[in-house]
Amino acid sequence: MTLLPTPRGTLTADRPLADLTWLRVGGPADWLFQPADRDDLAAFLAALPAEVPVFPMGVGSNLIVRDGGIRGVVIRLGRGFNDVTIEGDRVIAGAAALDAHVARRAAEAGRDLTFLRTIPGSIGGAIRMNAGCYGSYIADHLIEAEVVARDGAVLTLTPDELQFDYRHSHLPEGWVLTRASFRAEAGDPAALVARMQDQLARRDATQPTRDRSAGSTFRNPAGFSSTGRADDVHDLKAWKLIEEAGLRGHRLGGAQMSEKHPNFLINTGDASAAELEALGELVRARVRAMAGLDLTWEVIRVGEPAYSDAPAA
């Protein structure tokens, strides 16, 4: 049995993960590590045997953990990584800070990061996924990101080094984002707050915000530039393709494609991770047969299945 380092933070064996994800599904992690601070994280990774897998986990807003759980160490950042400060036109946020909280704090200081307000999750996940909304992406605002590499080295990465694509960054496996600095334009605080309230109203009118979901299930099958911006020439919408395939509201066990927005995969109450993933794959197969297009998962799926047979469609 592999011996793990003894950190100052909390290290829990065989920790169930379902309650840490928005979809409320998934088996246990071999180990869940919640570091006390950056130095604790760096020392732990430096001493952790290289063969032990590491999976950084945010608030689980864009994640399906399979029913068999995750082998290795899951790292979840907490209070020591959620501070937000404003220095001139820079907004500096810990990786565990919620996107919505960063948007609000910036607006209070007269700085515009309003696009983050309706993006579920934390800053670390937003950087990893080059999150975007209303025509703005993380790649448009990021100045630099602090990371702890798998070997424990603390590094500062530029946007060029992260190589942002549409809904993607090229961050090596096992590296943990800890802090980031963004450039934000000036704006009137009251106007910024009003804009965010309007964004929330529009989101709530079109998305199943009261259901258990993980946000958009599939990426829009559009072209994209190196900055991560969608290419208007191929502006196809995943929800439209799913609807045209007749799958709005389609159910598989406790999993359902939302009636309100067909690109949202929801847990109606008792879904397993296997049912959610199988329904997503059914959607992909139907859209492929209908339109000849392969939908790409935007929701991250990790871990091992509890059994080999997928639920019947």
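**Two helices, a sheet and helix H8**

Let's start with a pair of helices: H2 and H6 are roughly antiparallel to each other, because angles over 145 degrees get that label. The axes of H2 (residues 99-108) and H6 (residues 189-206) cross at roughly 155° and come within 8 Å. Here an axis is a line fitted to C-alpha atoms over the stretch in contact, with angles from 0 to 180 degrees between N-to-C directions. Their contact (heavy atoms within 4.5 Å) uses Ala103, Arg104, Ala107 and Glu108 of H2 and Pro189, Leu192 and Met196 of H6.

This is a predicted model, where local features need pLDDT of at least 70 and side-chain atom pairs count only at pLDDT 80 or more, while totals for chains, interfaces and linings use all residues. Residues are numbered from 1 along each chain, and side-chain values use heavy atoms, without hydrogens or water. Helices (H or I, at least four residues) and strands (E, at least two) are DSSP runs, numbered from the N terminus.

Now look at the open sheet, ordered S15-S18-S17-S16 with antiparallel pairing; strands pair if DSSP finds at least two bridges between them. S15 (212-216) and S16 are at the edges with a single partner strand each, so each has one side without a neighbour in the sheet. H8 packs on this sheet, touching S16, S17 and S18, and its direction makes about 35° with that of S17.

How far apart are the end C-alpha atoms of H8 (residues 273-291)? They are 27 Å apart, which agrees with the span expected for 19 residues at 1.5 Å a residue; that span is 1.5 Å times one less than the number of residues. Just after H8, glycine 292 has a positive phi of about 70°.

Key: Angles under 35 degrees count as roughly parallel, over 145 as roughly antiparallel, 65 to 115 as roughly perpendicular and the rest as oblique.
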